[in-house]
Amino acid sequence: METTALQHIASQVRRDIVRMVAGVNSGHPGGSLGCADFLTLLYFDELHHDAENFTMDGIGQDLFFLSNGHISPVWYSVLARAGYFPVNELETFRKLSTRLQGHPSTDKKLPGIRMASGSLGQGLSVAIGAAQVKRLNKDNTLVYCLHGDGELQEGQIWEAAMYAAARKVDNVIATIDCNGRQIDGDVDDVISLGDLHAKWAAFGWEVLTMDGHNFTDMKNTMAKAKSLCGHGKPVVILMKTEMGQGVDFMMGSHKWHGVAPNPTQLEDALGQLEETLGDY
Amino acid sequence: MTEFEILGNKDTRSGFGEGLAELGRANEHVVALCADLTGSLKMDAFQKENPERFFQVGIAEANMISLAAGMTIGGKIPFTGTFANFSTGRVYDQIRQSVAYSRKNVKICASHAGLTLGEDGATHQILEDIGMMKMLPNMTVIVPADHNQTKQATIAIAAHEGPVYLRFGRPVMPIFVKPDANFVIGKADVLTVGTDVTIIACGHLVWKSIEALKTLEEAGISVELINMHTIKPLDTDAIMKSVGKTGCVVTAEEHMLNGGLGDSVAQFLSRTNPVPQEYVAVNDTFGESGTPMELMTKYGIDTQDVVNAVRKVLARKNA
């Protein structure tokens, strides 16, 4: 898909995100806005998937797991815009009886979701398990997962990283949203991750980097990541993003990690984001 | 006198190992994961026969549980194996989110449960696991009584769609369940029919209760002994039927009083047919090093404790 077309979709996704969180005065806009470009690219240009015929087992389809479940608004918007469920359902986000729970769940059977997430650090293990089963099933499709950089403070991530390299799980592509922010402040101040590139490399992964707001760079990097699959090593992409990307007053701080805009702020934000596909 | 034929002496964990090996041969969807305790869990046979379906994860239980959850996607039936302590408390959040809430078809198989782990001491003797697991929505909790029943339960849970916690142990104990017995999840085994008192037991305490029968029957007490191998879903019909007849109940388990089988029975009876109940269970204390049998005696979950509890509950009933 052309970059302009992807940008077109991503702008609508960003509008959806701020409207969803403002609509219930809760949720996590910062990381959601930061990952809007990546998830748009993934679902509209990268994944082999069938939105209208979602199955839990996903045989013959690429799988995606969102490990940092709190950025559910961006995932829900992209899933809806890609055809997994009606766009109007975005209006129910976080409301009683909704399929769009605060953090993603399989409980309400929302198409597109295969695992609950929210409690951090579990999704890499899940993705690796699913990837190993794809090998058992002789299914050559891939498994993708997304993590926050703050999430890497969870020890289980490194259990999974060690395991995947030791077992040569080479059909998984993990992406880390490196926005450098978490709830309490900058990641470097809360608990520094040190040299992340060196850490993943030392754990035995192929490590790539990309600009999470540059579609050309992301397309090239994803192509490179896919070409590295099947060669005995898992692949991780360190994706540089800006928390709150697209809304000027939400960028440059951790402040909008988990805070919804008030009506005035919402109006300000929507003024900066073109309505392209039509609001829900 | 009720006679129970002893069919041999074995540990329940070996029953798990045999059941898993049989599943490996019969069901290509079964996969197994182990956190560096393959020998202790008796998973060697499965590993040897199905190397491509066996996943050694090392000492990383959290990773193991979430890997297993991921492996259900694509149609596999993962069985995880480690000690009960590391199968539950250590990985509660992984089980809660990725297995129970996500309703994944993972079988959490836990050995060395309770005090009868013995000499390793309290760090490894978990007595809270039944409580933790039964509190999770969607979770089935099974505590088989002997070697044969553990094998039967292992095979049965593969055919059950949904999360299961299967708890077994280390000590060699008498086998009394017939090798061809039909294990039905949620359907209790009535071992003796009686009219004075109902004993509801699980795990190793079923055998301890069988031992107690001798003394009780000699004293002229008519005991209905129920092997409640499934803690959740609880066979409330069996409880209702028996307690309606006997009017009192003793529950017996190798678990903390808080949160165990006795709790489940009391919760049911308090709403339907409140009767005197006594508990044979560990009461709010950690264990310690010792032989399994020494520990059962010291912590009040031995044969004599079952006898004493029956006498006490009968006195209350007849007061």
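B:Ala252 sits opposite B:Val280, a residue of strand β14 of chain B. That pairing belongs to a parallel match between β13(B), residues 249–256, and β14(B), held by 5 bridges. Keep in mind that this is a predicted model. Here's the rundown, by topic.

**Strand β14 of chain B**
- To get from β13(B) to β14(B), the chain goes through helix α10(B), residues 261–272, and this β-α-β crossover is right-handed.
- β14(B) covers residues 277–282, and 6 of its 6 residues are buried, so the strand is largely enclosed by the rest of the structure.
- Both faces are covered: one side has B:Gln277, B:Tyr279 and B:Ala281, the other has B:Glu278, B:Val280 and B:Val282, and all are buried.

**Helix α5 of chain B**
- This helix spans residues 92–101, and because 7 of its 10 residues are buried, it too is largely enclosed by the rest of the structure.
- The buried residues are B:Gln94, B:Ile95, B:Gln97, B:Ser98, B:Val99, B:Ala100 and B:Tyr101.
- They pack against α3 (61–71) and β5 (107–111) of chain B, and also against α5 of chain A.
- After the helix comes B:Arg103, which has a positive phi, near 50°.

**Where chain A meets chain B**
- The contact involves 29 residues of chain A and 22 residues of chain B.
- On the chain A side, the elements giving two or more residues are α5(A), 123–136, and α6(A), 155–166.
- α5(A) gives the most to that side, with 10 residues.
- By type, the chain A side divides into 13 nonpolar, 11 polar and 5 charged residues.

Key:
Residues are numbered from 1 along each chain as its sequence is written. Chains are lettered from A and ligands numbered from 1 in the order in which they are written. This is a predicted model: local features need pLDDT of at least 70, side-chain atom pairs count only at pLDDT 80 or more; totals for chains, interfaces and linings use all residues. A residue is buried if 20 or more other C-beta atoms lie within 10 Å of its own, exposed if 12 or fewer, and partly exposed in between; C-beta atoms are placed from the backbone. Helices (H or I, at least four residues) and strands (E, at least two) are DSSP runs, numbered from the N terminus. Two strands pair if DSSP finds at least two bridges between them. A crossover is right-handed if, with the strands pointing away from the viewer, the path from the first strand over the helix to the second runs clockwise. Two residues are in contact if their C-beta atoms, placed from the backbone, lie within 7 Å. Ala, Val, Leu, Ile, Met, Phe, Trp, Tyr, Cys and Pro count as nonpolar, Asp, Glu, Lys and Arg as charged, and the others, Gly among them, as polar.
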